[in-house]
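Open the model in your viewer and keep the selection tool at hand. The stops below say what to select and what is there.

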Amino acid sequence: MGWKGILGFDHGVVQAPLGPDISGPELAAAVANAGGIGLLRLPDWPAPDRVRDLIRRTRSLTERPFGAAIVLAFPHEENLRVVLEEKLAVLQVYWGEFPRERVDEAHLAGVKVLHQVGSFEEAAKAKEAGVDGIIVQGCEAGGHVIGQEGLLSLLPRVVDLVSDTDISVIAAGGIVDGCGYAAALALGAQGVCLGTRFLTTEESFAHPLYKKRLIEINCTDYTNVFGRARWPGAPQRVLKTTFYDQWKNLPEQETEENQPIIGHTIIHGVHRDIRRFAGTVPNATTTGDIDSMVMYAGQGVGLITEIIPANEVVKRLVSEAQHVIREKLL
């Protein structure tokens, strides 16, 4: 079962990379110390010095292995080079192809590769590339969602696809507790990847008001209202905030480019303006009209009722899943 560990880690619990820099050293290290797979969210622009600093800060907080995540749709070669030079335990890639030659390059550096996918076709390419694990993301997931198929139908197909390999299958999308963990294991997954649950932890670098709204609001929606100019064709699942309900029918030709500035933030050390309808969630440095900014969340958000330490999330997931499965077996 997944709590017995995958990819050399104690548990099959993966902390999803949370943008723009919400899963920083504190969160990744806390998950690693609890025996899970903590992932740093790396910048979406070339920043090798920043990446090296993030890795070293994380190592100052944990002696356990951890990983980093790259969005392939953005410039990433320089950042990837640092990940391989630093020989992290895991590299997670998403939103693009990562062919066999790149996987082989990572393996030569001793780095295992997790490829997150949203379709069966993507999973087949990841299998062909020889990755170590496939994160199967259902459309229930929060943030940018590459596929439109539900986890319940997609996951078993991918499990069957890789059944003749040693590739670990990890379920993602709407999972926040031990029941969801147990359900994923019952469908053949070896682990689970959680975003929204780790977003609402003490170590998350999300803005306090964002965390508060995640506790208060139970509903999400799948939309393309936010970040159309910067990342076109990248729909997202967001909290149904008052602001979103007012603007969810925004005309397709409207983008953040011609909108007023509603706040400011520092992302990976870089000062940035935030315009209305930008796709940047508020981190702890953000100032301005926080309630008018995008707030990503998965469909399981209604099951989250408190902000707790990240290590407690891992402990509860494992113990609850064990209890659920024992009860069913008995």
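Is D53 buried, partly exposed or exposed? D53 is partly exposed, with a relative accessibility of 35%. Bear in mind throughout that this is a predicted model.

**Stop 1: D53 and R57**

Keep D53 selected and add R57. The two side chains form a salt bridge, and their closest N and O atoms are 3.5 Å apart. Both residues belong to helix 2, where they sit 4 residues apart, which means a separation of about one helical turn. R57 counts as partly exposed, at 30% relative accessibility.

**Stop 2: the two domains**

Now colour the chain by domain. The domain assignment gives domain 1 as 13-204 + 308-329 and domain 2 as 208-301. Domain 1 is therefore written as two segments, while domain 2 is written as one. Between the C-alpha centres of the two domains the distance is 23 Å.

Select the residues where the domains touch. On the domain 1 side there are 32 residues in contact, and on the domain 2 side there are 27. About 2,400 Å² is buried between the domains, with carbon and sulfur atoms giving 63% of that area. The interface also holds 12 residue pairs in polar contact, with both residues at pLDDT 80 or more. On the domain 1 side, the elements that give two or more residues are helix 2 (48-59), strand 7 (143-144) and helix 8 (196-199). Sorted by class, that side has 15 nonpolar, 11 polar and 6 charged residues.

**Stop 3: the salt bridge across the interface**

How many salt bridges does the rule find across the interface of domain 1 and domain 2? It finds 1. Select D44 and R230 to see a salt bridge in which the closest N and O atoms are 3.1 Å apart. D44 is in the loop between strand 2 (39-41) and helix 2, and R230 is in the loop between strand 10 (220-223) and strand 11 (236-239), so the pair ties together parts that are 186 residues apart in sequence. Is D44 buried or exposed? D44 counts as buried, at 13% relative accessibility. R230 is partly exposed, its relative accessible area being 47%.

As background, side chains of opposite charge can pair when their charged atoms come close.

**Stop 4: E306 and R316**

Move on to E306 and R316. Their side chains meet in a salt bridge of 2.8 Å, taken from N to O. E306 lies in the loop between strand 14 (287-288) and helix 11 (310-329), whereas R316 is in helix 11 itself, so this pair ties together parts that are 10 residues apart in sequence. E306 has a relative accessible area of 33% and is partly exposed. R316 is also partly exposed, with 30%.

Next, select R52, R56, R59, R81, E85 and E86 together. Salt bridges with shared partners join these residues into one network. A search of the whole structure gives 19 salt bridges.

**Stop 5: H76**

Select H76, in the loop between strand 3 (67-71) and helix 3 (77-85). H76 counts as buried, with 16% relative accessibility. Which residues does H76 touch, leaving out those up to four places away in sequence? They are I70 and V71. To get a sense of scale, add Q190: the C-alpha atoms of H76 and Q190 are separated by 29 Å, and the two residues are 114 residues apart along the chain.

**Stop 6: Q259**

The last selection is Q259, found in the loop between helix 10 (242-247) and strand 12 (261-267). Q259 counts as buried, at 7% relative accessibility. Show the side chains around this residue. The side chain of Q259 makes a polar contact of 2.5 Å with that of R276, and another polar contact, of 3.2 Å, joins the side chains of Q259 and N258. Leaving out residues up to four places away in sequence, Q259 touches E254, R275, R276 and F277. R276 thus appears both as a polar partner of Q259 and among the residues that Q259 touches.

Methods
Residues numbered from 1 in each chain as written. Predicted model: local features only at pLDDT ≥ 70, side-chain atom pairs only at ≥ 80, totals over all residues. Heavy atoms only, no water. Contact = heavy atoms within 4.5 Å. Buried area = accessible area lost by both parts, 1.4 Å probe. Salt bridge = Lys/Arg side-chain N within 4 Å of Asp/Glu carboxyl O. Polar contact = N/O pair within 3.5 Å; in protein donor to acceptor, adjacent residues only side chain to side chain. Nonpolar A, V, L, I, M, F, W, Y, C, P; charged D, E, K, R; others polar. Buried < 20%, exposed > 50% of the residue type's maximum accessible area, 1.4 Å probe, protein only.
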